[in-house]
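Me: Could you take a close look at one part of this model for me, the helix packing and whatever space it encloses? I'd like a connected walk through it.

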Amino acid sequence: MLGSRLVRLIERHSDQLADGLMTKLRNSDRTSEYRKIPQDELRTAAHEIYRNLGDWLITKTESDIEVRYSQIGARRVQQGVSICQFVWAILLAKEHLWAFLQRESMVDTAPELYSELELLQLLDIFFDRAVYYAVVGFDHARQRKAA
């Protein structure tokens, strides 16, 4: 993958990214229900995305994303997180990553620009799939809970 330099940069800063995302989740009015989630669990979930980004973008299949994010969606139902706050949290994770890339990446050549655009496209696809399957898992869990 052309964007491997940026993926390594993200993975090297995964602790910083996870901590920053946790702070945003805990402080945002749009994710106030995330304060119910144990801090260790929330940090692990945030760290998982950033630390293993290369795997998620390169080796994981759509089926892997479906399994993992459906599980996360079901877990958030059990924890009493609303669908709107749940989706906002995933979008916040994506936005947080994009802001990091804007601050940290320097593009000097056309191939580097192409590489960065390729990575951003892969990130969009990943986060779009994550939102979709997380909502599917959320919805199924909510239906089971209601039955």
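Reply: Happy to! Let's begin with α2 and α3, whose axes come within 8 Å and cross at roughly 130 degrees. That angle makes α2 oblique to α3, and their crossing is right-handed.

A few words on terms before going further. This is a predicted model, in which local features need pLDDT of at least 70 and side-chain atom pairs count only at pLDDT 80 or more, while totals for chains, interfaces and linings use all residues. Residues are numbered from 1 along each chain as its sequence is written, and side-chain values use heavy atoms, with hydrogens and water left out. Helices (H or I, at least four residues) and strands (E, at least two) are DSSP runs numbered from the N terminus. Axes are lines fitted to C-alpha atoms, for helices over the stretch in contact, with angles from 0 to 180 degrees between N-to-C directions. Under 35 degrees counts as roughly parallel, over 145 as roughly antiparallel, 65 to 115 as roughly perpendicular, and the rest as oblique. A crossing is left-handed if the near helix is turned anticlockwise from the far one by less than a right angle, and right-handed if clockwise.

Back to α2 and α3: among the residues that meet (contact means heavy atoms within 4.5 Å) are Leu 17, Leu 21 and Leu 25 in α2, and Leu 42, Ala 46 and Tyr 50 in α3. The residues of this contact divide into eight nonpolar, three polar and five charged, where Ala, Val, Leu, Ile, Met, Phe, Trp, Tyr, Cys and Pro count as nonpolar, Asp, Glu, Lys and Arg as charged, and the others, Gly among them, as polar.

α2 also packs on α6, at an angle of about 135 degrees with the axes 10 Å apart. Here too α2 is oblique, this time to α6, and the crossing is right-handed. Leu 17, Leu 21 and Leu 25 of α2 take part in this contact, and the α6 side includes Leu 92, Leu 97 and Phe 100. By class there are eight nonpolar, three polar and one charged.

α3, in turn, has α5 as a partner: their axes come within 13 Å and cross at roughly 160 degrees. That makes α3 roughly antiparallel to α5, in a left-handed crossing. Glu 41, Ala 45, Glu 48 and Ile 49 in α3 meet Arg 68, Tyr 69, Arg 75 and Arg 76 in α5, giving three nonpolar, no polar and five charged residues.

Now for the enclosed space. A search of the whole structure finds one cavity of 30 Å³ or more, with a volume of about 230 Å³. On a 1 Å grid over the protein atoms alone, a cavity is a set of points where a 1.4 Å probe fits but cannot get out, and lining residues have an atom within 4 Å of a point. Points are joined across faces, edges and corners, and the volume is the space filled by probe spheres set on them. Of the 17 lining residues, Ala 45, Ile 49, Ile 72, Arg 76 and Ile 90 lie nearest the centre. The elements giving two or more residues to the lining are α2, α3, α5 and α6, and α3 gives the largest share, five residues. The lining divides into 14 nonpolar, no polar and three charged residues.

Key. 1 Å grid on protein atoms, 1.4 Å probe; cavity = no way out; pocket = protein on both sides within 12 Å on 5 of 7 lines; lining within 4 Å.
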